[in-house]
Amino acid sequence: MIDTKILKNITVLYAEDELIIQEGITETLNLFEINVICVKNGQEGLSVFKSSDKKIDLILTDIKMPKLDGIGMIEKIREIDKDIPIIITTAHQETSFLMDSIELNISAYVLKPIDIYKLEASLIKAIEAKVLREELIEKNKRLEIEIQKNEEKQQIIETQSRFAAMGEMINMIAHQWRQPLSSIGTASYNLKYKLLSGKFNLETQEGRVEQANFFTNKLDEIEFYVQNLTTTIDDFRNFFKTDKVFVNSTIENPIKNTLKIIQKDLQSNNIELILDFESQNKINIFENEITHVFINILKNAQDKFLDKEIKNAKIEIKTQDIENGVQIEIYDNGGGIAEDDLDIIFEPYFSTKKEKNGTGIGLYMSKVIVEKNHQGKIFAKNTKEGISFFIILYCMI
Ligand SMILES: Nc1ncnc2c1ncn2[C@@H]1O[C@H](COP(=O)(O)OP(=O)(O)OP(=O)(O)O)[C@@H](O)[C@H]1O
Ligand SMILES: [Mg+2]
């Protein structure tokens, strides 16, 4: 026994010019508790379809009808609704229309005289397909909303990461500027002191030369330090430029950019840096993004050293070629991380530095950059005295 529950309360627009057939079929459809709107020809059918305030779920139509025939009506309806299920009732001698209706996405053809069981089965099949399609559309809509929400979330994280990076950069710039600024201060103080204290005997040629030499030396010194400040700013500004195009480069370039930015900080914290650059392969990268990844990893190592007050702190950066790519290993001897946490350090907002305002997005962004933007791989392993981060980038992506 077929389950006709799915037909209950649906609304069918039924076009048939032969009243006896129309009444008989309508009566049967009413038995399934289907609401039937009857029309006598295609033109009436079309105007009811356009103006009905009831949602029409299915169209059942004869072919040969006065004014506008079934095919004509379906063509017009398809311009408005390309999905509504349509069942055609047809007599044997009318089969030539089949060619015309091929493009019209018809759910079923039921031969006249109509076999009620066949009609019932066709109705159920067509409505089931409609329900499934509507569910799918609904699911897709929900999925799209989810995707959009995720994209928005991702954007927020990226902005946060940028701000966090800027904050760190400002700290590093301040740190790197301290020494040249204080040297400029000392040089200008010396200049002023010597000038005001009349140290040079300007009556003599020798005194005037001595003063000129002293001034030139001090001004050279100031110029040197100003140059130093400018270079620092350029390095940082370059880092903040958004990458628009891939560059074909060895991995050494972004590592060198990283070191320009962070090396002084590492040195002043007595962190030894061991570099072992073997890789020669050229890879396609967004250079600043990859620099960002290295900075995140090196900053994390430094945080760990400072937190644990590690004495012989060292970081090793090793690059080597692999088939069609490059592997970078960054090792630190800061003690590593709890084995349980290894899997989640790349999750957004996971941080063990909450009291120091760790955002927990450094490694997450690094993963996005390496795996999403470069189709590479990033992972971490605890080693004997610390942790190794591995990054794999490919030549062709
Ligand atoms: N070299 C490391 N040694 C030990 N643990 C590490 C190391 N690098 C990362 N971790 C762990 O991974 C966590 C997540 O790192 P991530 O860079 O994403 O955020 P964070 O450093 O905590 O915050 P932020 O980067 O904003 O300062 C850290 O809190 C730390 O627990
Ligand atoms: Mg970090």
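1. Start with aspartate 62, which is buried, at a relative accessible area of just 1%. Keep in mind that this is a predicted model. Aspartate 62 sits in strand 3, the run from 58 to 62. The unreviewed UniProt entry annotates Asp62 as "modified residue: 4-aspartylphosphate". That label comes from the record, and such annotations may be inferred rather than shown by experiment.

2. Leucine 58 belongs to strand 3 as well. Is leucine 58 buried or exposed? Its relative accessibility is 0%, and anything under 20% is called buried, so leucine 58 counts as buried. Its C-alpha lies 5.8 Å from that of isoleucine 86, although the two residues are 28 apart in sequence.

3. Now for the charges around aspartate 57. Side chains of opposite charge can pair when their charged atoms come close. Aspartate 57 makes a salt bridge with lysine 55, at 3.2 Å from N to O, and another with lysine 130, at 3.1 Å from N to O. The pair with lysine 130 ties together distant parts of the chain: aspartate 57 is in the loop between helix 2 (42–51) and strand 3, while lysine 130 is in helix 5 (residues 116–196), 73 residues away.

4. Look at how covered these partners are. Aspartate 57 and lysine 130 are both buried, with aspartate 57 at 12% relative accessibility. Lysine 55, in contrast, counts as exposed because its relative accessibility is 54%. Add Glu134 and you get a salt-bridge network of Lys55, Asp57, Lys130 and Glu134. The whole structure has 14 salt bridges.

5. Another of these pairs is in helix 7 (residues 252–268): lysine 256 and glutamate 252 are 4 residues apart there, so about one helical turn separates them. Their side chains form a salt bridge at 3.1 Å, N to O. Lysine 256 is partly exposed at 45% relative accessible area, and glutamate 252 is also partly exposed, at 26%.

6. What gathers in the patch of negative charge on the surface? Asp69, Glu75, Glu79 and Asp100 do. Of these, aspartate 100 is in helix 4 (residues 97–101), and its relative accessibility of 49% makes it partly exposed.

7. On to the coiled coil. The unreviewed UniProt entry marks residues 126–160 as a "coiled-coil region". In the model that stretch is 100% helix and 0% strand, with its end C-alpha atoms 51 Å apart.

8. A few backbone spots to check by eye. The peptide bond from lysine 112 to proline 113 is cis, with omega near -5°. Proline 113 is in the loop between strand 5 (108–111) and helix 5.

9. Which residues other than glycine have a positive phi? Asparagine 270 is one of them, with phi near 55°, and tyrosine 349 is another, at about 70°. Asparagine 270 is in the loop between helix 7 and strand 7 (272–277), where it is exposed at a relative accessible area of 62%. Tyrosine 349 is in the loop between strand 10 (325–332) and helix 9 (362–373), and it is partly exposed, at 40%.

Terms used. Residues are numbered from 1 along each chain as its sequence is written. Chains are lettered from A and ligands numbered from 1 in the order in which they are written. This is a predicted model: local features need pLDDT of at least 70, side-chain atom pairs count only at pLDDT 80 or more; totals for chains, interfaces and linings use all residues. Side-chain values use heavy atoms; hydrogens and water are left out. Patches are made of residues with over 30% relative accessible area and no salt bridge: like charges are joined within 9 Å, nonpolar side chains (Val, Leu, Ile, Met, Phe, Trp, Tyr) within 5 Å. Accessible areas come from the Shrake-Rupley method with a 1.4 Å probe; for residues, only the protein chains shown count as cover. A salt bridge is a side-chain nitrogen of Lys or Arg within 4 Å of a carboxyl oxygen of Asp or Glu. Lys and Arg count as positive and Asp and Glu as negative; His and the chain ends are not counted. The place of a charge is taken as NZ of Lys, CZ of Arg, CG of Asp or CD of Glu. Helices (H or I, at least four residues) and strands (E, at least two) are DSSP runs, numbered from the N terminus. Buried means under 20% relative accessible area, exposed over 50%, partly exposed in between (1.4 Å probe, protein chains only).
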